[in-house]
Amino acid sequence: MTWGFLLVKINVMIRGERKPKVSELTKELILSKVDDYNIFRFYVGQDIDFKKKFSSPFRSKGADNKPNLCFFPGDDGKILFKDFANGKGGDCFKFVQELF
């Protein structure tokens, strides 16, 4: 069971709403409930600073001797990430996808 589906089931139980179709769960809906900054912050485990490099959660703890993960604002205002050690990058959804 995915987290998105579980969240939908909880909302149905609490609010008595009809069960939404899976196709109704969109990036826009998620970002209307929580912003991209807080999604990144949750998975990195600390506040995001655009001037700081972070140890990457893509590698095991202690394996990242030189922090290479950076966050920056995109042209459209969304926060993006770039891991210079492995070349991964993208928005908060791509970040979570790469973690799992």
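This passage looks at how the aromatic rings pair up in the predicted model.

The count comes to ten aromatic pairs. One of them brings Tyr43 and Phe100 together edge-to-face, with 6.1 Å from centre to centre and 75 degrees between the planes. This contact links distant parts of the chain: Tyr43 belongs to helix 3 (residues 36-44), while Phe100 sits in the segment after helix 4 (92-99), 57 residues apart. As for solvent, Tyr43 counts as partly exposed, at 29% relative accessibility. Phe100, on the other hand, comes out as exposed, at 74%.

Then there is the pair made by Phe58 and Phe81. The ring centres of Phe58 and Phe81 are 5.9 Å apart and the planes meet at 45 degrees, so this pair is tilted. Phe58 is found in the loop between helix 3 and strand 1 (69-73) and Phe81 in strand 2 (residues 79-83), so the pair ties together parts that are 23 residues apart in sequence. Both partners fall under the 20% cut-off for buried residues: Phe58 is buried with a relative accessible area of 18%, and Phe81 is buried at just 1% relative accessibility.

Phe58 and Phe81 also turn up in a wider group, as they form one aromatic cluster with Phe40, Phe54, Phe71 and Phe95. Phe58 has a charged neighbour as well: the charged end of Lys88 sits over the Phe58 ring, 5.0 Å from its centre. Phe58 thus has a tilted partner in Phe81, a place in the cluster and the charge of Lys88 over its ring.

Terms used
Residues are numbered from 1 along each chain as its sequence is written. This is a predicted model: local features need pLDDT of at least 70, side-chain atom pairs count only at pLDDT 80 or more; totals for chains, interfaces and linings use all residues. Side-chain values use heavy atoms; hydrogens and water are left out. Rings of Phe, Tyr and Trp (its six-membered ring) pair if their centres lie within 6.5 Å; planes under 30 degrees apart count as stacked, over 60 as edge-to-face and the rest as tilted. Helices (H or I, at least four residues) and strands (E, at least two) are DSSP runs, numbered from the N terminus. Buried means under 20% relative accessible area, exposed over 50%, partly exposed in between (1.4 Å probe, protein chains only). A charge sits over a ring if NZ of Lys or CZ of Arg is within 6 Å of the ring centre and within 35 degrees of the ring normal.
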